[in-house]
Amino acid sequence: MARTLAELPKGARITDYISLGVISKTFPREKIQEAINRSGKASQRQRDLPAHVVFYYVIALALYMQSSYREVLRCLLEGIQWLKGPESLVRVTGKSGISQARKRLGSEPLKRVHDEIVKPIATKETRGAWYRQWRIVSIDGSTMDVADTTGNQQCFGRPGASRGQTAYPQLRVVSLVENGTHVLFGTQVAGCRTGESTLADKVVESLAPGFLCLGDRNFFSFELWKKAHATGADLLWRVKKNAVLPLEKRLKDGSYLSHVYPSPKHRRKGSNGIAVRVVEYRFEGIPDTEDIYRLITTILEPDPAPAKELAVLYHDRWEIETAFDELKTHLRGARIVLRSKSPDLVLQEIYGLLMAHFAARGLMHEAALRDGIDPDRLSFVHAVRVVRRKLPMYVAFPPAAPKSVS
């Protein structure tokens with residue numbers, strides 16, 4: 001039986017019908033349009049690449065980091081070519097047109113949507129996401145090379161090396177990760193000369209009651225600890241072995257109570273301190289380990305969280321390293337430099353990368369829940385391949401249309 005050729009409504013543009021399957025499900029068109037409008041980036045006239053299409057295109061760039069700009073756009077458009085008939089070709093805008101469209105959009109709409117939508121996704125049924133009643137999250141940072149241009153170097157800086165400077169400017173990201181799902185959220189971006197602790201001051205605002213945040217010893221400071229705990233989250237951070245933590249009360253599980261202070265002067269006076277519980281432990285018979293590991297936590301009672309369990313749990317902090325590896329190696333590609341030539345487009349690109357990672361991780365979480373398994377058992381690389389393979393196949397009418405094309 002011959003298929004009746006579907007037609008676009010009169011006056012419609014082909015770009016009104018672009019959809020990216022799992023990407024558009026994760027980041028709905030209406031949310032994107034709202035962010036574009038609030039940022040003052042809405043298209044003022046009819047264009048081949050209106051703002052919402054460019055938004056989706058930037059996320060698609062993250063899925064095809066090793067492909068050219070035009071090839072990625074062609075991949076977006078080819079899935080709807082049949083709407084115009086097999087004898088017609090969808091015109092793919094040139095590299096200059098794509099660059100101009102990205103500049104018009106800028107990075108602000110992507111940051112707005114990222115900050116609103118990219119959040120922890122684990123449910124109570126998600127395996128590996130919880131320790132007792134707490135949702136486990138970790139905080140850490142990483143760096144990425146960006147294109148070697150004057151603007152990028154001035155904005156992001158170039159780290160030093162043993163001989164001179166590195167080949168590329170770098171940006172720094174600091175993020176929280178939901179350990180059980182590898183969702184990166186609360187991410188802050190700056191140049192490589194901005195320290196991780198400086199960025200963490202903003203990142204910890206994404207903590208919430210019911211979270212248990214793991215952090216390494218480079219993040220601890222009195223002010224950051226105080227700010228992070230004020231969110232209502234509980235904390236389990238490693239501290240340096242020379243940290244002054246006098247034993248005030250030994251607890252039944254071997255941990256003890258102490259206080260941290262803003263300064264030595266406050267410590268001498270015993271004023272403005274914050275009570276903490278200290279967990280100290282060693283690794284016996286394991287080479288290349290340190291003499292002692294010291295953790296402090298806001299969980300002051302041993303019964304809800306015994307010291308031995310906290311010592312084991314702390315090493316789940318390495319889940320964030322795995323998440324960064326997914327972002328930098330499996331999604332971006334090993335030794336691939338972010339392609340954008342100007343600072344604002346670099347920020348646009350990094351948020352597109354983070355949102356593509358979130359969409360892939362959301363897909364994996366759904367699959368894990370359906371099969372009742374830990375998301376860690378699923379392959380991130382396979383999930384990204386599925387999204388890439390299916391991306392050109394999705395065609396959806398915009399929200400105002402009565403139904404989808406099938």
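## Briefing: helix faces, a helix crossing and some buried spots

Gly215 sits in strand β5, and with a relative accessibility of 0% it counts as buried. This is a predicted model, so keep that in mind throughout. The chain has 14 helices and 10 strands. Half-buried is a fair way to put it: buried residues make up 50% of the 406 residues.

**The chain overall**

- Take the contacts between residues at least 6 apart in sequence: 66% of them join residues at least 24 apart.
- About 19,600 Å² of the chain is exposed, and carbon and sulfur atoms supply 50% of that area.

**Around Gly215**

- Setting aside neighbours within four places in sequence, Gly215 is in contact with Ile139, Leu236, Trp237, Arg238, Tyr314 and Arg317.
- Two of those partners belong to elements that come up again below: Tyr314 is one of the buried residues of α11, and Leu236 falls within the 234–239 range of β6.
- There's also a pairing across the sequence to look at: Gly215 and Trp318 are 103 residues apart along the chain, and their C-alpha atoms are separated by 9.8 Å.

**Helix α11 and its strands**

- Helix α11 covers residues 307–314, and its buried residues are Ala307, Leu310, Ala311, Leu313 and Tyr314.
- These residues cover an arc of only 165 degrees around the axis, which puts them on the same side of α11.
- Turned away from that buried side is a face carrying the exposed residues Lys308 and Val312.
- What do the buried residues of α11 pack against? Their partners are the strands β1 (130–131), β2 (134–145), β5 (211–215), β6 (234–239), β9 (274–281) and β10 (293–297).

**Helix α9**

- In α9 (residues 222–230), Phe222, Leu224, Trp225 and Ala228 are the buried residues.
- Their arc around the axis is only 165 degrees, so they lie on the same side of α9.
- Glu223 and Ala230 are exposed, on the face of α9 turned away from its buried side.
- The buried residues of α9 pack against helix α8 (196–203) as well as strands β6, β8 (256–260), β9 and β10.
- β6, β9 and β10 also pack against the buried residues of α11.
- Just after α9 comes Gly232, with a positive phi of about 100 degrees.

**Helix α5**

- Helix α5 (residues 95–105) has Ile98, Ala101, Arg102 and Leu105 buried.
- Those four cover an arc of only 100 degrees around the axis, and that puts them on the same side of α5.
- The spacing fits a general rule: an α-helix has 3.6 residues a turn, so residues three or four places apart point the same way.
- Gly106, just after α5, takes a positive phi of about 70 degrees.

**Where α3 meets α13**

- Helices α3 (residues 51–63) and α13 (residues 343–371) pack at an angle of about 70 degrees, and their axes are 8 Å apart.
- That angle makes α3 and α13 roughly perpendicular to each other.
- On the α3 side, the contact is made by Phe55, Val58, Ile59, Ala62 and Leu63; α13 brings Gln348, Glu349, Gly352, Leu353, Met355 and Ala356.
- By type, the residues of this contact divide into eight nonpolar, two polar and one charged.

**Phe27, a buried loop residue**

- Phe27 is in the loop between α1 (22–26) and α2 (29–38).
- Is Phe27 buried or exposed? Phe27 is buried, with a relative accessible area of 0%.
- Leaving out residues up to four places away in sequence, Phe27 touches Ile32, Tyr56, Ile59, Val113, Ile117, Val118, Met355, Phe358 and Ala359.
- Ile59 and Met355 also take part in the contact of α3 with α13.
- Phe27 and Met355 are 328 residues apart along the chain, with their C-alpha atoms separated by 8.6 Å.

**Positive phi outside glycine**

- Arg132 has a phi near 50 degrees, a positive value in a residue other than glycine.
- Arg132 is in the loop between β1 and β2, and is partly exposed, with a relative accessible area of 43%.
- His182, also not a glycine, has a positive phi of about 65 degrees.
- The loop holding His182 runs between β3 (170–178) and β4 (183–191).
- His182 is buried, with a relative accessible area of 3%.

Key. Residues numbered from 1 in each chain as written. Predicted model: local features only at pLDDT ≥ 70, side-chain atom pairs only at ≥ 80, totals over all residues. Heavy atoms only, no water. Axes fitted to C-alpha atoms, helices over the stretch in contact; angles between N-to-C directions. Helix = DSSP H or I, 4+ residues; strand = E, 2+ residues; numbered from the N terminus. Parallel < 35°, antiparallel > 145°, perpendicular 65-115°, else oblique. Contact = heavy atoms within 4.5 Å. Nonpolar A, V, L, I, M, F, W, Y, C, P; charged D, E, K, R; others polar. Buried < 20%, exposed > 50% of the residue type's maximum accessible area, 1.4 Å probe, protein only. Arc of directions from axis to C-beta. Areas by Shrake-Rupley, 256 points an atom, 1.4 Å probe, with all protein chains shown as cover.
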